[in-house]
Amino acid sequence: MGNAGVLDTLKGIMARYANTPGFRMSIRGGSSLDGLRSYNEWLAKRRTGSFAQYIGVFSDSASIGVDWDGLEQAVMEYGPFPGSDEVLDIIRNSDRPGWRKKYLMDLRGGNVYRWMFDNIFPLQRRVQVAYEYALPVPVVPVRADIDYGLDACVAATVYDRGLMQRPVSPVDHTPFYRLALKTNLLADIALMPSLEVEYLINGQWSVAAHGAVAWWSNDPAHKYYQISTIYPEARWWFKTKEPWHGHYLGVFAGGTWYDLERGARGYQGEGGFVGLSYGYMFPISKCLSFEAGLGVGYLYTKYREYLPVDFMGGTHYVYQQTSVLNWLGPLKVKFAFVWRLWDTNKRKGGDR
């Protein structure tokens, strides 16, 4: 899409005129319509910040999220296509602006939206740059094959992904993995295999489901190590350098079932718990990370105590009493390997 030439030109203008009185640069990053709104806003902000850092300026930048005005202009410039008049009517005249995306997705059974996804949306994944200066600042020479309209304003557009497939450039996306699979090494060492699945809603919020189970027994010695636990968790991420990498605070609640015996008195019961967690995750490769975390809270469990008694050639488990335990303190410790997958940015522009 000619990004390399445009970037070189913009950097040249910036280097030459940055300190000129009356010179001003503005950056506006946008995203296409497809995808979650919160993610599109995050993507536009990151796209703008990445470009500003590359070009060497950190002011007068803004992200616009989904660029509805730009979408309207792109539909008009592309020319008539089946459903284009209806698309423009939805964009301009919808009585429920928050539902415009749904109306477009439902238009003609989704055929129009799919066509726009392939032909219109790629042009929305971009950063727009404008240089302004007061005359009579001389016009800087630029590439002859690109018309920037250099009279009193220099304007250019850098596309994050165009209709053509091309190598990744400095303005392309970084991976945005939606899912993570984890196993707690401490639980695994304790012969209690664990699995966690976490879904990243956006750069700041995620939800997870944890599960672990150990159902071992050594019947000849009347030994039982049987315990299972499951709980969901919601997390808020902060001080993150990029998604999945940084600090988080979480809230969790769940239940547990167990039968524990080592050849003498046994304990069989169930319980519930609720707590708060803190953790930190850092990368160790492109798709792998390591996570450390701690959870504290309240546990309530009711259990039955029993004794294994040999009688007439068999073993009988004789009930002794029922007890209750209320616990306030640490509930979990985590040292986990994390495998990140499902890069949604592959669908929204770039790494193809």
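Colleague: Which elements each supply at least two residues of the lining of the largest pocket?

Modeller: In this predicted model, the elements that each supply at least two lining residues are β5 (177-184), α7 (185-189), β6 (194-200), β7 (205-218), β8 (223-242), β9 (245-262), β11 (288-311) and β12 (314-343). Within that group, β12 gives the largest share of the lining, eight residues.

Colleague: How is such empty space found in general?

Modeller: A probe the size of a water molecule is rolled over the atoms, and this shows where empty space is left. Here, the largest pocket holds about 740 Å³ of space. Its lining comprises 32 residues, of which M192, I227, T229, L331 and K332 are the closest to the centre of the pocket.

Colleague: How many residues of each class does the lining of the largest pocket have?

Modeller: The lining of the largest pocket divides into 20 nonpolar, eight polar and four charged residues.

Colleague: What volume does the second largest pocket have, and which residues line it?

Modeller: The volume of the second largest pocket is about 290 Å³. Its lining consists of E41, W42, K45, R46, G49, S50, G203, Q204, T240, K241, E242 and P243. Two elements, α2 (37-55) and β8, give two or more residues to this lining, and the largest share, six residues, belongs to α2. By class, the second largest pocket is lined by two nonpolar, five polar and five charged residues.

Colleague: How many cavities of 30 Å³ or more does the structure hold?

Modeller: There is one cavity of 30 Å³ or more, and the largest cavity contains about 30 Å³ of space. The residues S31, S32, L33, V66, D67, L71, F121 and Q124 form its lining, with four nonpolar, three polar and one charged among them.

Colleague: Let us turn to helix geometry. Why does the end-to-end distance of α2 agree with the span that it should have?

Modeller: The reasoning starts from a rise of 1.5 Å a residue, taken over one less than the number of residues. With 19 residues, α2 should therefore span 27 Å, and the C-alpha atoms at its ends are 27 Å apart, so the two values agree. Helix α1 (residues 3-17) can be read in the same way: its 15 residues should span 21 Å, and its end C-alpha atoms lie 21 Å apart, which agrees.

Colleague: Which residues of these two helices are buried?

Modeller: In α2, the buried residues are Y39, N40, W42, L43, A44, R47, T48, F51, A52 and I55. In α1, they are N3, G5, V6, L7, T9, L10, I13, M14 and Y17. For the protein chain as a whole, 44% of the 352 residues are buried. The chain contains seven helices and twelve strands.

Colleague: Is A180 in strand β5 buried or exposed?

Modeller: A residue is called buried when its relative accessible area is under 20%. A180 has 0% relative accessibility and therefore counts as buried. Beyond its neighbours within four places in sequence, A180 contacts E196, V197, E198, W244, V338, W339, R340 and L341. The C-alpha atoms of A180 and W342 are 8.6 Å apart, although 162 residues separate the pair in sequence. In the protein chain, residues 24 or more positions apart account for 64% of the contacts with a separation of 6 or more.

Colleague: What can be said of W237 in strand β8?

Modeller: W237 counts as buried because its relative accessibility is 2%. Leaving out neighbours within four places in sequence, its contacts include E198, L200, W205, W244, H247, Y248 and M281. Y278, 41 residues away along the chain, has its C-alpha atom 9.9 Å from that of W237.

Colleague: Which residues deserve a look for a positive phi?

Modeller: Three may be listed. G56, just after α2, takes a positive phi of about 95°. R108, a residue other than glycine, has a positive phi near 50°; R108 sits in the loop between α5 (100-106) and α6 (111-119). K239 is not a glycine either, and its phi is positive at about 50°; K239 belongs to strand β8.

Colleague: How do R108 and K239 read by accessibility?

Modeller: R108 has a relative accessible area of 47% and is therefore partly exposed. K239, at 70% relative accessibility, counts as exposed.

Technical notes:
Residues numbered from 1 in each chain as written. Predicted model: local features only at pLDDT ≥ 70, side-chain atom pairs only at ≥ 80, totals over all residues. Heavy atoms only, no water. 1 Å grid on protein atoms, 1.4 Å probe; cavity = no way out; pocket = protein on both sides within 12 Å on 5 of 7 lines; lining within 4 Å. Points joined across faces, edges and corners; volume = space filled by probe spheres on them. Helix = DSSP H or I, 4+ residues; strand = E, 2+ residues; numbered from the N terminus. Nonpolar A, V, L, I, M, F, W, Y, C, P; charged D, E, K, R; others polar. Buried < 20%, exposed > 50% of the residue type's maximum accessible area, 1.4 Å probe, protein only. Contact = heavy atoms within 4.5 Å.
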